[in-house]
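Colleague: Got a minute to walk me through this one? I'd like to poke at the backbone and the packing.

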Amino acid sequence: ALAQSSITIYGIADAGLSFESGNKAGAVTKVTGGIESGSRLGFKGVEDLGGGNTALFLLEHGIQLDTGNSGQGGVLYGRQAYVGIANQDLGTLTFGRQYANHYLAAVSADPFSSGTSADEKNLINAVSNGGRMDNSIKYASAVFKGFSANLDYAAGEVNGDASAGRSMGAGLAYTNGPLALRLAVHNKSNDTATIRLGSARNTLLAANYTFKPAKLYLAYGVNKGPLSSTLRNATNPYGLAVAPVATAVTQDSTDALVGVSVPLGLHTVLASWIHKDDKEAANQDADQFALGYRYNLSRRTDVYLVYARMLNKNGASYTLGNASDGGSGNRAVNLGMRHAF
Amino acid sequence: ALAQSSITIYGIADAGLSFESGNKAGAVTKVTGGIESGSRLGFKGVEDLGGGNTALFLLEHGIQLDTGNSGQGGVLYGRQAYVGIANQDLGTLTFGRQYANHYLAAVSADPFSSGTSADEKNLINAVSNGGRMDNSIKYASAVFKGFSANLDYAAGEVNGDASAGRSMGAGLAYTNGPLALRLAVHNKSNDTATIRLGSARNTLLAANYTFKPAKLYLAYGVNKGPLSSTLRNATNPYGLAVAPVATAVTQDSTDALVGVSVPLGLHTVLASWIHKDDKEAANQDADQFALGYRYNLSRRTDVYLVYARMLNKNGASYTLGNASDGGSGNRAVNLGMRHAF
Amino acid sequence: ALAQSSITIYGIADAGLSFESGNKAGAVTKVTGGIESGSRLGFKGVEDLGGGNTALFLLEHGIQLDTGNSGQGGVLYGRQAYVGIANQDLGTLTFGRQYANHYLAAVSADPFSSGTSADEKNLINAVSNGGRMDNSIKYASAVFKGFSANLDYAAGEVNGDASAGRSMGAGLAYTNGPLALRLAVHNKSNDTATIRLGSARNTLLAANYTFKPAKLYLAYGVNKGPLSSTLRNATNPYGLAVAPVATAVTQDSTDALVGVSVPLGLHTVLASWIHKDDKEAANQDADQFALGYRYNLSRRTDVYLVYARMLNKNGASYTLGNASDGGSGNRAVNLGMRHAF
């Protein structure tokens, strides 16, 4: 990072190889970017306003390092863009394009931090738009005896209908020594000015606990309503006779995650299992297993090797994506490097 | 701003709430960006070439802070992009995408600096493209006894026709103590290789005068020819029986502006009235009234509250936009913050 | 450039006038950007990992300075984007969007460095995509007794077909005092998942030799197979009765270049001749002649004047483009400035 006066410039460059098989069209080896973490470039700053108040802003590009394209479907500052004011006692209020609490809770429960083909988003894909909300206001409280609270509001901006397209969320976090707990709820209206689809309602309890020599990760989520859990690749990658419907295979479902990371000096071994329990008649459950290894070349640079496997049941169609891509198959091996600057 | 060696990085992050009513589809409250000033990130620099000469460049993004999208319809450096050479006696010559003098004169006459729902562009929208010219050469003279002159030229770049699509402008400025005067003319050919529409011809006289405790703003403009004054929102937002024709309701028209700003320590009160006098048979006049309040949290950060009202006559269809958006209605309230870095 | 800690920011702003004639629709004078060098803004950095190893990244925008648009057809970091690891003995391995060796060899043999209307790409346009490869891995050896080697690989990323769309290249370079030699081969599969077009195969030998008071440039290239040499402007700019077929007029062809640059203090005179020898039945040869003058205002800033002429034979349709644009005619004059920062 380049920090001085009012602006800090920072980023991540991540690229490598991803082998994916299971697709109806055959296997593929990609030279791709943003496997372990989405490649990015950001500009941020804080200004001391006195009296315990600060003004703050953040602008963050996503970059497809393999092609140079903008990430997030071409949105320029598609990762994050916001401005706000913080008070050391009262908390922080920010406006812009921001992460939903539900997504941040899910990331905190994933030993792979929502990256590589072990990405929790492959199954726990509750908040669409990469976990982000446009037109949003976020409030984050200060931390009090380990507790903190968060509120999300994103306007639908539909003339004459204040509720259509609106998102609302809340989060509660508790940290105490080695324990970190997060509870998050998210309610997103799928309505538009003309179509009434109803709301997606997601709840997630996420935990991680650090003990020698490992860190344990647990999560349990409940998803209700249309588009409450969406497929990352909805193009029928496995050539199923009954193609998945748009981006929503399931309406109601639950998610469970168990993960572990074991740091050994510069080496870290990681593993996770995620189970998607489809509560609908089709019972399209899925299980994702992943095993990873990371070697830290420095505090800023690492290399990684990950193997992941997705088991789809009863015509489910989940794929192994990564931090930047929805993926094309049900077996994947990643080999790459990540460099933070 | 982060300034060192040959590059300065700077910008503005602006966001807040905008309530808009009057639209045929009903009212809307937006969480939006760039209300008071368009959010932006810029890179600029100067190089001393010796002998009173400098080389200079500027590259400036526009950013929709509410969605992270690029402003100016997706143009990457859509605000400004240019390179040039300056001589301390002879003036400055620059090439690129640049503001027309007519637009800069209008900004200088608006107490709201062409921002918030009081934006002068809502009625004085003479130079299309946000006041910018692609493929342009600008010359700015040095200041001599308070006088300075500016010339604009933007190539149409139509093969075999040097005049089609071309813009030409000129400006004269005079500053003397508390008085600042600007006269600007702009002539833009609406012709293409195949269609002859004729030219838009705009003239504006802008003035501001600082006296204790206020600053007074005055402007008078004359617009002639097709597209010489365009609607910011041409989608028939008020559901008129006779929808506005494309982006040009009026051909010939005049504009008059009276404004005032009153700084009181960290507080500033602002007000403006703009009258559009349609000289065509339909006589679609309009009046815009605006009242604003700004509180400076620091030299770089302020919060603002603005109320504006647009009165359309005889089927006119002007809307209350802001620095970044064309707007959707004829009543608006803005509440937001702006942070410069 | 702004360099500190882990990030260096750098760039070029280039703009001016380009007069082009010969087009069926008539002549045009453009106020355009990136004539001598593509305008750009870049972010790069290196991290010392110890033991002679470094991590490195580079992200480089292309910018159309005349319109503010992103270059390279709208790709955000369309010039270059990569991350990698270097070892002082073993060489450098990088992943991302990168230049092919064949293109870099051609640039090294052009006194105009692939810029202005004298651009070698007007005829030696072997590697499509501006000489760049997406999804690529590059290996560059360390230099040993003046010799160095390079390997290119770009994945086609077609499911079930590892060879479709793939590029492979190799380069060998030798420098010894005033002499620099480069040999490069490039093989690009034009196949897709469904269409079998075959491969473009390009070989180039490039040399430059510095002697008082001049520098001599020579190149010879052999192009075989479909799309092995493509037109920069395939819209039939000369109104030929038989319009050029898509982007490939020629299949097999050879290229020869002779150039010279003569620096005289702050002044430099440049000249080049390029001959395209079409080996197909239509025998659509072409010759490009160019003469240029550059004046260095400083080490970072220059002004330039270039005249170029393209002679097309037997219905050939090559145009005089520049560093950023394919061009529209067969006579061109450029007058502009370039500022590096």
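Colleague: Where in chain A does P213(A) lie?

Modeller: Keep in mind that this is a predicted model. K212(A) and P213(A) are joined by a cis peptide bond, with omega at about -5°. As for its place in chain A, P213(A) sits in the loop between strand 12 and strand 13 (214-224).

Colleague: And in chain C, what is omega for the bond that joins K212(C) and P213(C)?

Modeller: Most peptide bonds are trans. P213(C) is in the loop between strand 12 and strand 13 (214-224) of chain C. The bond from K212(C) to P213(C) is cis, and its omega is about -5°.

Colleague: Next, phi. Is T116(B) buried or exposed?

Modeller: T116(B) belongs to the loop between helix 1 and strand 8 of chain B. Its phi is positive, about 60°, although T116(B) is not a glycine. The cut-off for buried is under 20% relative accessible area. T116(B) has 2% relative accessibility, so it counts as buried.

Colleague: What about N135(C), buried or exposed?

Modeller: N135(C) is placed in strand 8 of chain C. Phi of N135(C) is near 50°, a positive value in a residue other than glycine. With 11% relative accessibility, N135(C) counts as buried.

Colleague: Which residues of strand 9 of chain A point to the face that is buried?

Modeller: Side chains alternate along strand 9 (residues 147-154) of chain A. F147(A), A149(A), L151(A) and Y153(A) point to one face and are not buried. Pointing to the other face, and buried, are S148(A), N150(A), D152(A) and A154(A).

Colleague: So what does D152(A) stand opposite in strand 10 of chain A?

Modeller: Strand 9 of chain A runs antiparallel to strand 10 (residues 167-176) of chain A, and eight bridges join them. Within strand 10 of chain A, D152(A) stands opposite G169(A).

Colleague: Other neighbour, then: which residue of strand 9 of chain A is the bridge partner of Y139(A)?

Modeller: Strand 8 (residues 132-140) and strand 9 of chain A run antiparallel, joined by five bridges. They form a hairpin with six residues in between, and K145(A) in the turn has a positive phi of about 50°. The partner of Y139(A) in strand 9 of chain A is L151(A).

Colleague: Which residues lie nearest the centre of the largest pocket?

Modeller: That pocket holds about 1,200 Å³ of space. Strand 7 (91-99), helix 1 (101-108), strand 9, strand 11 (179-189) and strand 12 (199-211) of chain A each give at least two residues to its lining. The lining residues divide into 13 nonpolar, 25 polar and ten charged. Of the 48 residues that line the largest pocket, those nearest its centre are K121(A), N129(A), G130(A), R132(A) and A323(A).

Colleague: Which residues of helix 1 of chain B are buried?

Modeller: The cover over the buried residues of helix 1 includes strand 7 (91-99), strand 8 (132-140) and other strands of chain B. The buried residues of helix 1 (residues 101-108) of chain B are N101(B), H102(B), Y103(B), A105(B) and A106(B).

Colleague: Last one: how are chain B and chain C related?

Modeller: Chain B superposes on chain C by a rotation of 120° with 0.0 Å of shift along the axis, at RMSD 0.0 Å. The two copies are therefore related as by a three-fold rotation axis. In chain B, the C-alpha nearest that axis belongs to L76(B), at 4.7 Å.

Key. Residues are numbered from 1 along each chain as its sequence is written. Chains are lettered from A and ligands numbered from 1 in the order in which they are written. This is a predicted model: local features need pLDDT of at least 70, side-chain atom pairs count only at pLDDT 80 or more; totals for chains, interfaces and linings use all residues. Side-chain values use heavy atoms; hydrogens and water are left out. Copies are superposed by least squares on the C-alpha atoms of residues with pLDDT of at least 70 in both. Buried means under 20% relative accessible area, exposed over 50%, partly exposed in between (1.4 Å probe, protein chains only). Helices (H or I, at least four residues) and strands (E, at least two) are DSSP runs, numbered from the N terminus. Two strands pair if DSSP finds at least two bridges between them. On a 1 Å grid over the protein atoms alone, a cavity is a set of points where a 1.4 Å probe fits but cannot get out, and a pocket is an open set with protein on both sides within 12 Å along at least five of seven lines; lining residues have an atom within 4 Å of a point. Grid points are joined across faces, edges and corners, and a volume is the space filled by probe spheres set on the points. Ala, Val, Leu, Ile, Met, Phe, Trp, Tyr, Cys and Pro count as nonpolar, Asp, Glu, Lys and Arg as charged, and the others, Gly among them, as polar. Contact means heavy atoms within 4.5 Å.
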